[in-house]
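Here are a few exercises to work through with the viewer open. Try each task yourself before you read the solution.

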Amino acid sequence: MTDTLSGLLTIAALLALLALAYVPLGDHMARVLTSTRHTRLERGIYRVVGVDPDAEMSPRGYVMGVLAFSAVSIALLMAILMGQAALPWDRGLPGMPWDMALNTAVSFVTNTNWQSYAGESTLGFAAQAGGLAVQNFLSAAVGLAVAVAVIRGFTRARSSTIGSFWVDLVRGVLRILLPLALVGAVVLLVLGVVQSFTDTTVQTLAGGTQTVPGGPVASQEVIKQLGTNGGGFFNANSAHPFENPSALSNLFAIFLLLVIPVSLTRTLGTLLGDRRQGYTVLGAMAFLWGTALAVTTWSEAGGHGQSAVAAGSAMEGKETQLGTWASSLFAVSTTGTSTGAVNASHDSMTPLGGGTALVHMMLGEVSPGGVGTGLYGILVVAILAVFVAGLMVGRTPELLGKKIGAREMTYVALYTLVTPALVLVGVGLAVALPSTGDAMGNPGGHGFSEVVYAFTSAANNNGSAFGGLTVTSTFFQLSLAAAMLLGRLVPIVLVLLLAGSLARQRKVPTTAGTLATNTPLFAGLVVGVVVLVSALTYFPTLALGPIAEALS
Amino acid sequence: MILVIQQLSRQGVAALRLLAVMTVVLGVLYPASVWAVGQAFGGRPDGQLVKVDGRTVGSRLIGQDFSGSTWFHSRPSAGDWDGLASAPSNLGPSNPELLKAIEDRRAAVAAEEGVDPSDVPPDALTTSASGLDPYISPEYARIQVDRVARQNDLSRAVVARLVADHAQGRQLGFLGEPKVDVLDLNLAVRSAVEGAH
């Protein structure tokens, strides 16, 4: 069998798995997030927490809930990371320094999972399982909660509330993420992922010594993918054989990181009572993902780069058993979902392959985006698309029965601008500092690309890296933490206020003049807006980095 | 402003309590349950450790340094086979340092194995993403057969047979790349040497 056939069959298997899960998972999520019943366990939790699960929240209250929960989460995680020496299974390691702890806490709470530390040499098992993995669940559930609140903005009329943050959060964890994670973790155990609480020092065959690390990896690995988090237990992330032991576990990992964002489009269609609307959104996402995959695979499997030509294949920074096809599939899926896990070194990818990974994040994480974040991200783009279309024909834009007025467009415009602003200001600041040149791991345009990649990854809450950049200076720890925090919370606040504004409106009836938003034409319009906005924003920056490198 | 702070602090109390509950459920009970399930799979969740004469010599999944001339070599490692420092080189695709490393390795491997430089496969010339790649390509194993046989006083046919026996095809017939586990192969070489003497 040729590599090409093997690669195409792998992609086909992935699509088949996603297709199998699409309807049951999408409809399950729709049921869970709209059910009026609480389980006994949930009622117990609400009593302990002290909230009334049947009291709905105003948009402002929902925002306060998200902000308070994020603040408390960052504080506790920072405390765990700095004080890990006092916890069991600390492996004799000291606490993290404050700036690294702050960066890491922000990173995991914002679902970014940018890592300025190496897991196996920095963290004990309690800090990983009791600190980081907990936020892998919770940050994903927050994204899911915000997405469903935004959907309520469209489905409700004359409503002053958009649901209860606490209920959405608890259900997301207990009825969606945790059951899937338990099943997935068992699959990973079968596939050979590690779950132990001991490191083993061995005398190697050739007479050396080597420490074979252990850890509660399977339980963390599954939610790392499923929650589109991406923070590796080990430094090498999903390239590490204990996180990703085989080509089969690799396929399963890619399935896990795509399955919720993809199935959420079904949830959207079901909740709107318009399945075609869900398919339209999915179509736009799939087109962007497929295009990125085609470009990346062409460049990686074709070996289009100086080092690939020199070595005969683009195998620098790739695992033998995964090869160029499975590494390309992973890279495109991880950058399109804001996961940021990697099974290959993105820094060593061919110029066009690595450049596509960067551009894929710059699209704003909507192909198909992170858990929840991808869905509300593409809904914002859809509003922008009907606005542009409305300008062309001179009608007041509408989406899903809601008028898009000045207030809504203000939120949308700010939402669209905040992430690029964080990226470009961050890059500008970094390159103005003389010390940044020394932090770059590669000379020339590629070194600049490393800095652009870092801020793009942070502000878009992706978390993958061009890893050659040394990011342990206090400047990078704090500036990237700021990019992650603002890149997460400002869009969430804006989109929740937008949801509130939509929910308050009455529904406008569909007329012959209403732009149909559940058609392939509209999917094309959404794709066009995504590409146009990112291209206009980032072209000058890209020209200095990956484009210059690809042409050299 | 005061209203905002009041609202935030009231939510903050609820947030703190929920976080505490979730930390117990997701941070303690959940990983412990997965660990308990893992115990049903024998030693597999410990990392597929390999024992020889009662001594653990490594993990089947973690590559080792086999630079000695009697061994089948692993791929070059950017992390020097340190089990606690998994890492790629992160050298960019046009970095002169990487291009030079590839040419140097090509010359060195060709000289050591006595093959034409153009016959050295890509995995022998590049570092992996983990720095702990336990596998090499069957091609890289095959060009090492002559040297390994010579250095261990084994017949070429015996060593070639071992390579053929340890070559693994694509998983399920179509997933991933063909590969050879270097630790397994070297264990087999060692057994053959012990059997011959």
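The exercises below go from one side chain to a core, some charged pairs and a sheet.

A word on conventions: this is a predicted model, where local features need pLDDT of at least 70, side-chain atom pairs count only at pLDDT 80 or more, and totals for chains, interfaces and linings use all residues. Residues are numbered from 1 along each chain as its sequence is written, chains are lettered from A and ligands numbered from 1 in the order in which they are written, and side-chain values use heavy atoms, with hydrogens and water left out.

**Exercise 1.** Find R152(A) and work out which residues it is in contact with.

*Solution.* Start with the place: R152(A) sits in helix α6 of chain A, residues 125–155 (helices are DSSP runs of H or I with at least four residues, strands are runs of E with at least two, both numbered from the N terminus). Next, check the burial. R152(A) counts as buried because its relative accessibility is 9% (buried is under 20% relative accessible area, exposed over 50%, partly exposed in between, with a 1.4 Å probe and protein chains only). Now list the contacts, meaning heavy atoms within 4.5 Å. Skipping neighbours within four places in sequence, you get L33(A), I162(A), G163(A), D168(A) and A503(A). Finally, look at the backbone oxygens: the R152(A) side chain reaches that of L33(A) at 3.1 Å, and a polar atom of this side chain lies 2.9 Å from that of I162(A).

**Exercise 2.** Track down the largest nonpolar core and say which residues touch the most other members.

*Solution.* First, the rule: a nonpolar core is a set of buried Ala, Val, Leu, Ile, Met, Phe, Trp, Tyr and Cys residues joined through side-chain atoms within 4.5 Å. The largest one has 143 residues, and F69(A), F165(A) and I260(A) touch the most other members. As for helices and strands, α6(A) gives the most to this core, with 16 residues. Then zoom in on I260(A): leaving out residues up to four places away in sequence, it touches L25(A), M29(A), I176(A), L177(A), L180(A), L226(A) and V371(A). Apart from this core lies another, of 45 residues, with M78(A), L81(A), A459(A) and M484(A) among them.

**Exercise 3.** Pick out some salt bridges and decide whether each partner is buried or partly exposed.

*Solution.* A salt bridge puts a side-chain nitrogen of Lys or Arg within 4 Å of a carboxyl oxygen of Asp or Glu. That rule gives 22 salt bridges over all chains.

- E243(A) pairs with K224(A), with the closest N and O atoms 2.6 Å apart; E243(A) and K224(A) are both buried.
- D133(B) meets R75(B) at 2.9 Å, N to O. D133(B) is buried, at 1% relative accessibility, and R75(B) is buried at 1% too.
- R147(B) meets E112(B) at 3.6 Å, N to O. R147(B) is in helix α4 and E112(B) in helix α2 of chain B, so the pair ties together parts 35 residues apart in sequence. R147(B) is buried, at 1%, while E112(B) is partly exposed, at 33%.

**Exercise 4.** Work out the strand order of the open sheet in chain B.

*Solution.* Strands pair if DSSP finds at least two bridges between them. Three strands line up as β3-β5-β4, with antiparallel pairing. Here β3 and β4 of chain B stand at the edges with a single partner strand each, so one side of each has no neighbour in the sheet. Two bridges join β3(B) to β5(B), and Y135(B) stands opposite D181(B) in β5(B).

How values were computed: A polar contact is a pair of N or O atoms within 3.5 Å; within protein, one must be able to donate a hydrogen and the other to accept it, and residues adjacent in sequence count only if both atoms are side-chain atoms.
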